[in-house]
Amino acid sequence: MQIYENILLKDCSWIKIGGPCKKFIVSESSDELVNTLRDYVLNGKAFDIIGWSANTLFADNGVDCDLIQVKSKNIQVGLDRSLYRDVKLKRVETRHQVFRTSTISSGYDISDIEYDETEGEEILVKADAGVPLPYIINFLNDRGIVGLHYFAGIPGTVGASVVNNIHGGPKNFSDYVHSVEILDQNGDIRLVYHDELDFHYGYSKLQHSKSVVITVNFLLRLGDKNRAQRAATMWAQKKASQPKNSLGSVFLNLTKAQQEKLGLPTNSVAYLIEHVLNLSGYRVGDIMVPEKTPPGQVQINKNIIMNVGNGTAEDYYAVVDKIWTEADKIGIRLTVEVHMKGFTEDRIKKFYADENVDVT
Ligand SMILES: Cc1cc2nc3c(=O)[nH]c(=O)nc-3n(C[C@H](O)[C@H](O)[C@H](O)COP(=O)(O)OP(=O)(O)OC[C@H]3O[C@@H](n4cnc5c(N)ncnc54)[C@H](O)[C@@H]3O)c2cc1C
């Protein structure tokens, strides 16, 4: 375990933004994490959890609690399934849409590297919440255990990826999550199964809970190692063409109803921002939406906000707010995917309003 005091979050957060944090604790195993959390929970001390912060914006004023970062590389393959109840993994509808026209670059099209592996023998794999996604994908591919390759190129930890129910092309993380071990607000460890996590597109019940994910059990399959490795490489290459100085996609893609309301050819918010709101290149300080992509070049996702220098959280907020407000003016309430920490509730609640969590 490592403890850092009085740090600036912009020195250690993914997007290099954020003010002071009094205590930043790095837990390097599940045991350390559980012990640290129990101390906080049982003594009523305020804390928040963080993985790689690849999906988190810290305010310029920092945070008014200690931060506990979850780090680990512990993975266990082939758990005894008789110790767990049977779980049927329910597929959540994703909002990825294959889209191809002559006027829009193939940057929106991801059909070429999708395939299904449903034949192989099932295998249960346990990973600590702090295991990095890139690490577990390589680890499993090397052993011919397939499924998670759809998420290649996405930065972050497996714990946060369950909380966010991340999406990679046609797959949601929940397609592979059997159960999670959590530490609840009483300091107790509990096993919570797939069907209790209320997974939707970009959502799990854990987002509205004070529980911390300690380990994740994945239900995966043995499969074609070379094919999975090839697909992982291609997914990672596609991701690599998108700006890293960002927090990934800012808004959830449109619901079917929103897409139909605007009569759009795709549910992509990137398309909405670029072609309807005309906000490509919109900039406040050093925070900006990517410029319009010149014809013939790889399409840069406009549902991404970049820090191109010394951007601040207030600038980032201003760009999010501009897009959100312009969409609202045409009757579309967008939902923000990025977690904003250290902001007052009244400033950010519209971005996450419950009615926006429309899962159809
Ligand atoms: C370049 C780039 C590309 C991306 N591409 C994609 C993509 O294709 N698809 C996609 O879905 N996302 C994408 N993202 C977003 C991001 O990678 C994922 O959301 C990832 O899961 C974030 O992991 P993290 O560890 O960095 O989460 P963090 O930002 O550290 O945490 C996210 C939230 O989860 C909470 N949390 C973290 N760990 C735990 C835990 N153990 N228990 C309980 N709560 C916890 C945090 O408090 C926070 O609220 C991208 C981001 C970037 C920067």
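**Burial, packing and ligand shell in a predicted model**

Asparagine 278 is exposed, because 11 other C-beta atoms lie within 10 Å and the limit for an exposed residue is 12 or fewer. The structure described here is a predicted model. Asparagine 278 belongs to the loop between α6 (269-276) and β14 (283-284). Its phi is positive, about 50°, although the residue is not a glycine. Most residues other than glycine have a negative phi. Asparagine 278 follows helix α6.

Helix α6 itself contrasts with this exposed residue. Six of the eight residues of α6 are buried, so the helix is largely enclosed by the rest of the structure. The buried residues are Val269, Ala270, Tyr271, Leu272, Ile273 and Glu274. They pack against α7 (313-329).

The confidence of the model was examined next. The protein has an average pLDDT of 91, and 92% of the residues score at least 70. In residues 99-112 the pLDDT is below 50, and this stretch has 22 contacts in the model beyond near neighbours in sequence. Residues 355-360 also have a pLDDT below 50, with ten contacts beyond near neighbours in sequence.

In helix α2 (residues 133-142), the buried residues are Leu133, Ile136, Ile137, Leu140 and Asn141. These residues lie on the same side of α2, because they cover an arc of only 130° around the axis. Their cover includes the strands β6 (75-77), β7 (122-128), β8 (145-146) and β13 (212-222). The helices α3 (158-164) and α4 (225-240) are also included in that cover. After α2 comes glycine 144, which has a positive phi near 70°.

Leu140 of α2 is also one of the residues touched by leucine 220. With residues up to four places away in sequence left out, the other contacts of leucine 220 are Ile123, Val125, Ile145, Val146, Gly147, Leu148 and Tyr176. The largest nonpolar core comprises 92 residues, and within it Val213 and Leu220 have the most contacts. In soluble globular proteins, nonpolar side chains tend to be buried together.

The surroundings of the ligand comprise 33 residues, of which Gly51, Gly156, Gly159, Ala160 and Gly248 come nearest. Two or more residues of this shell are given by each of β3 (47-50), α3, β9 (167-168) and β13. The most come from α3, which gives five residues. By type, the shell divides into 15 nonpolar, 15 polar and three charged residues.

Glycine 51, one of the residues that come nearest to the ligand, is located in the loop between β3 and β4 (56-58). Glycine 51 counts as buried because 26 other C-beta atoms lie within 10 Å, where 20 or more are required. Beyond residues up to four places away in sequence, glycine 51 touches Val70, Gly130, Gly156, Thr157, Gly159 and Ala160. Among these contacts, Gly156, Gly159 and Ala160 are also listed with the residues that come nearest to the ligand. The C-alpha atoms of glycine 51 and isoleucine 287 are 23 Å apart, with their positions 236 residues apart along the chain.

The loop between β3 and β4 also holds serine 53. Serine 53 is buried, because it has 24 C-beta neighbours inside 10 Å. Its phi is positive, about 60°, although serine 53 is not a glycine.

Two further glycines were considered. Glycine 153 is situated in the loop between β8 and α3. Glycine 153 is classed as buried because it has 20 C-beta neighbours inside 10 Å, and 20 or more suffice for this class. Its contacts, not counting residues up to four places away in sequence, are Trp235, Ala236, Lys238, Lys239 and Ala240. Between the C-alpha atoms of glycine 153 and isoleucine 323 the separation is 26 Å, for residues 170 places apart in sequence.

Glycine 296 lies in the loop between β15 (287-288) and β16 (306-307). Glycine 296 counts as exposed because it has 6 C-beta neighbours inside 10 Å. Glycine 296 and lysine 261 are 35 residues apart in sequence, and their C-alpha atoms are 30 Å apart.

How values were computed. Residues numbered from 1 in each chain as written. Predicted model: local features only at pLDDT ≥ 70, side-chain atom pairs only at ≥ 80, totals over all residues. Helix = DSSP H or I, 4+ residues; strand = E, 2+ residues; numbered from the N terminus. Arc of directions from axis to C-beta. Contact = placed C-beta atoms within 7 Å. pLDDT = per-residue confidence, 0-100. Core = buried A, V, L, I, M, F, W, Y, C linked by C-beta atoms within 7 Å. Near = placed C-beta within 6 Å. Nonpolar A, V, L, I, M, F, W, Y, C, P; charged D, E, K, R; others polar.
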